[in-house]
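Here is a short tour to read with the viewer open. It moves from single residues to helices, then to the core and the ligand shells.

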Amino acid sequence: MVLEIVNPLGEKRQRMNWHEKVDQYLEIEKILNHLFSGFNYCLTQCIQKPGDEGELHCGCCNRPYHEIYDQDHPSFEILRARREALYGKPESHANIKRISPCEYHTLKGCILKTHKSPVCLGFLCKESIQALRSDYGLWTYDYLGVTHALEWLLTGDLSGKALDDFRQMCLDMDRTVMSEE
Ligand code: SF4
Ligand code: SF4
């Protein structure tokens, strides 16, 4: 017979640690959201801009990415629980008029102003990255790098100096965009 050793204090500490990771994630999200609000490209140049035939489209939100890419990990679960406490469960938005299979998408874009999944927060398409370069002289936005860093922050694989460097990089990019406003 194998005896499982239960350490409730250790488990509690670990859970607190995952909550701290989510808090750190939300802090970075705040910086990135500030950057995106200054950039303001997705809504004005894509989501709310009809296509050549006048048709509405959902930009890159053509799948429920929050569901597809979120990992089976405690900090992702905490992020999801906090998101759903603020914005409701995805299925509660099932009847909203929209043109995307993602439940959080509306005709005015994503309803998640915070607590997005890493892929939803970090992704920028080629056109928007080009606009960052040409309009703001910002050449350092690497969407895969940002998305992976956000994921690793949540899983605890990005911490200490690496996390400080990532936060600083986000602050620097935000400053670059805001200095052009
Ligand atoms: S990242 Fe690109 S495709 Fe996605 S909403 Fe923004 S402009 Fe549109
Ligand atoms: S959660 Fe928001 S950003 Fe992510 S796919 Fe859905 S609408 Fe797009």
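In which helix is Glu27 found? Glu27 belongs to helix H1. Do keep in mind that this is a predicted model. Glu27 is exposed, because only 12 other C-beta atoms lie within 10 Å of its own and a residue counts as exposed at 12 or fewer. Its C-alpha atom is separated by 8.8 Å from that of Arg167, although the two positions lie 140 residues apart along the chain.

**The overall picture**

The protein has 8 helices and 2 strands. Read from the N terminus, the order of elements is α-α-α-α-β-β-α-α-α-α. The C-alpha trace spans about 70 × 40 × 25 Å along its principal axes. Of the 181 residues, 24% count as buried. Among contacts between residues at least 6 apart in sequence, 75% join residues at least 24 apart.

**Some residues to click on**

Tyr87 sits in helix H4. Is Tyr87 buried, exposed or partly exposed? It counts as partly exposed, because it has 17 C-beta neighbours inside 10 Å. Beyond its neighbours within four places in sequence, Tyr87 is in contact with Ile111 and Leu112. The C-alpha atoms of Tyr87 and Leu112 are separated by 7.0 Å, with the two residues 25 apart along the chain.

Next come two loop residues that share a backbone feature. Most residues other than glycine have a negative phi. Asn40, in the loop between H1 and H2, has a positive phi near 50°. His115, in the loop between strand S2 (109–110) and H5, has a positive phi of about 60° and is not a glycine either. What does the neighbour count say about Asn40? With 11 C-beta neighbours inside 10 Å, Asn40 counts as exposed. His115 has 21 such neighbours inside 10 Å and therefore counts as buried.

The neighbour counts discussed so far are collected here.

| Residue | C-beta neighbours within 10 Å | Class |
|---|---|---|
| Glu27 | 12 | exposed |
| Tyr87 | 17 | partly exposed |
| Asn40 | 11 | exposed |
| His115 | 21 | buried |

**Two helices, H7 and H8**

H7 has 13 residues, and at 1.5 Å a residue these should span 18 Å; the end C-alpha atoms are 18 Å apart, so the two values agree. Its buried residues are Val146, Ala149, Leu150, Glu151, Leu153 and Leu154. After H7 comes Gly156, with a positive phi near 85°.

H8 has 20 residues and reaches 28 Å from its first C-alpha to its last, close to the 28 Å expected at 1.5 Å a residue. Which residues of H8 are buried? They are Cys170, Met173, Asp174 and Val177. Seen down the helix axis, these buried residues fall within an arc of 100°, so they line one face of H8. The face turned away from that buried side carries the exposed residues Gly160, Lys161, Asp164, Asp165, Gln168 and Ser179.

**The nonpolar core**

The largest nonpolar core has 21 residues. Those with the most contacts inside it are Tyr25, Leu150, Leu153, Leu154 and Met173. The elements that give two or more residues to this core are helix H1 (8–39), helix H4 (74–87), helix H5 (118–122), helix H7 (143–155) and helix H8 (160–179). Leu150 is a good residue to select here: leaving aside neighbours within four places in sequence, Leu150 is in contact with Tyr25, Ile28, Pro118, Leu121 and Gly122.

**The shells around the ligands**

What surrounds ligand 1? Its shell is made of Tyr41, Cys42, Cys46, Ile47, Gly59, Cys60, Leu124, Cys125, Glu127 and Ser128. Helix H2 (42–47) and helix H6 (126–136) are the elements that give two or more residues to this shell, and the largest share, 3 residues, comes from H2. By class, the shell divides into 7 nonpolar, 2 polar and 1 charged.

Around ligand 2 the residues are Cys61, Pro64, Tyr65, His66, Cys102, Tyr104, His105, Cys110, Leu112, Lys116 and Cys120. This shell has 8 nonpolar, 2 polar and 1 charged residues. Leu112 in this list is also a contact of Tyr87, the residue of helix H4 visited above.

Note on methods
Residues are numbered from 1 along each chain as its sequence is written. Chains are lettered from A and ligands numbered from 1 in the order in which they are written. This is a predicted model: local features need pLDDT of at least 70, side-chain atom pairs count only at pLDDT 80 or more; totals for chains, interfaces and linings use all residues. A residue is near a molecule or strand if its C-beta atom, placed from the backbone, lies within 6 Å of it. Helices (H or I, at least four residues) and strands (E, at least two) are DSSP runs, numbered from the N terminus. Ala, Val, Leu, Ile, Met, Phe, Trp, Tyr, Cys and Pro count as nonpolar, Asp, Glu, Lys and Arg as charged, and the others, Gly among them, as polar. A nonpolar core is a set of buried Ala, Val, Leu, Ile, Met, Phe, Trp, Tyr and Cys residues joined through C-beta atoms within 7 Å. A residue is buried if 20 or more other C-beta atoms lie within 10 Å of its own, exposed if 12 or fewer, and partly exposed in between; C-beta atoms are placed from the backbone. Two residues are in contact if their C-beta atoms, placed from the backbone, lie within 7 Å. The expected span of a helix is 1.5 Å times one less than its number of residues. The arc is that of the directions from the helix axis to the C-beta atoms.
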